Amino acid sequence: MSYSEVYNSFLELKEILNQKKEAIIKKDLEVLNLTDEAIIVLVEKINKFDILNNDFSSEEKENLKKLGEEIKIIQENNEILIKHSLGVINNILSGIFVR
(Lines give C-alpha, C1' and ligand atoms only; values in the text may rest on other atoms or scores of the structure.)
Protein backbone atom coordinates (compact mmCIF):
# COMPACT_ATOMS: atom_id res chain seq x y z
CA MET A 1 0.00 0.00 0.00
CA SER A 2 1.14 3.50 -0.70
CA TYR A 3 1.71 6.07 1.99
CA SER A 4 -1.29 8.12 0.83
CA GLU A 5 -3.58 5.08 1.09
CA VAL A 6 -2.40 4.35 4.61
CA TYR A 7 -2.53 7.99 5.70
CA ASN A 8 -5.99 8.53 4.22
CA SER A 9 -7.28 5.38 5.93
CA PHE A 10 -5.94 6.64 9.25
CA LEU A 11 -7.57 10.04 8.63
CA GLU A 12 -10.84 8.29 7.86
CA LEU A 13 -10.59 6.26 11.07
CA LYS A 14 -9.94 9.44 13.05
CA GLU A 15 -13.02 11.08 11.51
CA ILE A 16 -15.23 8.06 12.20
CA LEU A 17 -14.04 7.92 15.82
CA ASN A 18 -14.89 11.61 16.20
CA GLN A 19 -18.36 10.89 14.78
CA LYS A 20 -18.67 8.04 17.26
CA LYS A 21 -17.76 10.39 20.11
CA GLU A 22 -20.52 12.78 19.05
CA ALA A 23 -22.98 9.90 18.76
CA ILE A 24 -22.12 8.74 22.28
CA ILE A 25 -22.56 12.26 23.66
CA LYS A 26 -25.87 12.74 21.82
CA LYS A 27 -27.00 9.20 22.67
CA ASP A 28 -27.69 8.60 18.97
CA LEU A 29 -27.78 4.82 18.76
CA GLU A 30 -28.37 4.77 15.00
CA VAL A 31 -25.24 6.81 14.25
CA LEU A 32 -23.33 4.84 16.89
CA ASN A 33 -24.22 1.60 15.12
CA LEU A 34 -23.23 3.03 11.73
CA THR A 35 -19.88 4.22 13.04
CA ASP A 36 -19.17 0.84 14.62
CA GLU A 37 -19.88 -0.87 11.30
CA ALA A 38 -17.64 1.58 9.44
CA ILE A 39 -14.85 1.08 11.99
CA ILE A 40 -14.98 -2.69 11.56
CA VAL A 41 -14.63 -2.40 7.77
CA LEU A 42 -11.86 0.19 8.01
CA VAL A 43 -9.86 -1.72 10.63
CA GLU A 44 -10.00 -4.83 8.44
CA LYS A 45 -8.60 -2.72 5.59
CA ILE A 46 -5.88 -1.19 7.80
CA ASN A 47 -4.89 -4.62 9.13
CA LYS A 48 -3.97 -5.61 5.56
CA PHE A 49 -1.33 -2.86 5.42
CA ASP A 50 2.22 -3.94 6.09
CA ILE A 51 3.08 -0.79 7.99
CA LEU A 52 6.28 -2.18 9.52
CA ASN A 53 7.81 -3.28 6.22
CA ASN A 54 7.51 -0.29 3.95
CA ASP A 55 9.59 2.31 2.22
CA PHE A 56 8.01 5.36 3.85
CA SER A 57 10.27 8.30 4.53
CA SER A 58 11.09 9.34 8.08
CA GLU A 59 8.70 12.28 7.72
CA GLU A 60 5.89 10.01 6.52
CA LYS A 61 6.49 7.60 9.38
CA GLU A 62 6.43 10.50 11.84
CA ASN A 63 3.15 11.78 10.35
CA LEU A 64 1.58 8.34 10.70
CA LYS A 65 2.84 8.08 14.27
CA LYS A 66 1.31 11.46 15.19
CA LEU A 67 -1.97 10.54 13.56
CA GLY A 68 -1.94 7.19 15.34
CA GLU A 69 -1.45 8.95 18.67
CA GLU A 70 -4.40 11.25 17.92
CA ILE A 71 -6.55 8.23 17.08
CA LYS A 72 -5.50 6.52 20.31
CA ILE A 73 -6.50 9.57 22.38
CA ILE A 74 -9.90 9.80 20.69
CA GLN A 75 -10.50 6.09 21.26
CA GLU A 76 -9.49 6.34 24.92
CA ASN A 77 -11.91 9.27 25.35
CA ASN A 78 -14.67 7.25 23.69
CA GLU A 79 -14.02 4.39 26.10
CA ILE A 80 -14.28 6.80 29.05
CA LEU A 81 -17.57 8.18 27.72
CA ILE A 82 -18.98 4.69 27.23
CA LYS A 83 -17.92 3.60 30.73
CA HIS A 84 -19.51 6.71 32.19
CA SER A 85 -22.73 6.08 30.26
CA LEU A 86 -22.84 2.50 31.51
CA GLY A 87 -22.30 3.72 35.06
CA VAL A 88 -25.20 6.14 34.75
CA ILE A 89 -27.45 3.43 33.33
CA ASN A 90 -26.47 1.01 36.10
CA ASN A 91 -27.25 3.63 38.76
CA ILE A 92 -30.63 4.31 37.21
CA LEU A 93 -31.44 0.60 37.01
CA SER A 94 -30.29 0.08 40.59
CA GLY A 95 -32.66 2.81 41.69
CA ILE A 96 -35.53 1.20 39.82
CA PHE A 97 -34.91 -2.33 41.10
CA VAL A 98 -34.29 -1.28 44.70
CA ARG A 99 -37.73 0.23 45.03
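This passage describes how two helices pack together and what lines the largest pocket in a predicted model.

In the predicted model, helix H1 spans residues 3–26 and helix H2 spans residues 29–47, and the axes of these two helices come within 9 Å of each other while crossing at roughly 160°. Because angles over 145 degrees count as roughly antiparallel, H1 is described as roughly antiparallel to H2. The crossing of H1 and H2 is, in addition, left-handed.

The contact between the two helices can be followed residue by residue. On the H1 side, the contact is made by Ser9, Phe10, Glu12, Leu13, Ile16, Leu17, Gln19, Lys20, Ala23 and Ile24, and these meet Val31, Leu32, Thr35, Asp36, Ala38, Ile39, Leu42, Lys45 and Ile46 on the H2 side. When the residues of this contact are sorted by class, twelve are nonpolar, three are polar and four are charged.

The largest pocket of the model holds about 330 Å³ of space. Its lining consists of Ile24, Ile25, Lys27, Leu29, Leu32, Leu81, Ile82, His84, Ser85, Leu86, Val88 and Ile89. Two or more of the lining residues come from each of H1, H2 and helix H3, the last of which covers residues 58–98, and H3 gives the most to the lining, with seven residues. By class, the lining of the largest pocket comprises nine nonpolar residues, two polar residues and one charged residue. Ile24 of H1 and Leu32 of H2 take part in the contact between those helices, and both residues are also found in the lining of the largest pocket.

How values were computed. Residues numbered from 1 in each chain as written. Predicted model: local features only at pLDDT ≥ 70, side-chain atom pairs only at ≥ 80, totals over all residues. Heavy atoms only, no water. Axes fitted to C-alpha atoms, helices over the stretch in contact; angles between N-to-C directions. Helix = DSSP H or I, 4+ residues; strand = E, 2+ residues; numbered from the N terminus. Parallel < 35°, antiparallel > 145°, perpendicular 65-115°, else oblique. Left-handed = near helix turned anticlockwise from the far one by under 90°. Contact = heavy atoms within 4.5 Å. Nonpolar A, V, L, I, M, F, W, Y, C, P; charged D, E, K, R; others polar. 1 Å grid on protein atoms, 1.4 Å probe; cavity = no way out; pocket = protein on both sides within 12 Å on 5 of 7 lines; lining within 4 Å. Points joined across faces, edges and corners; volume = space filled by probe spheres on them.
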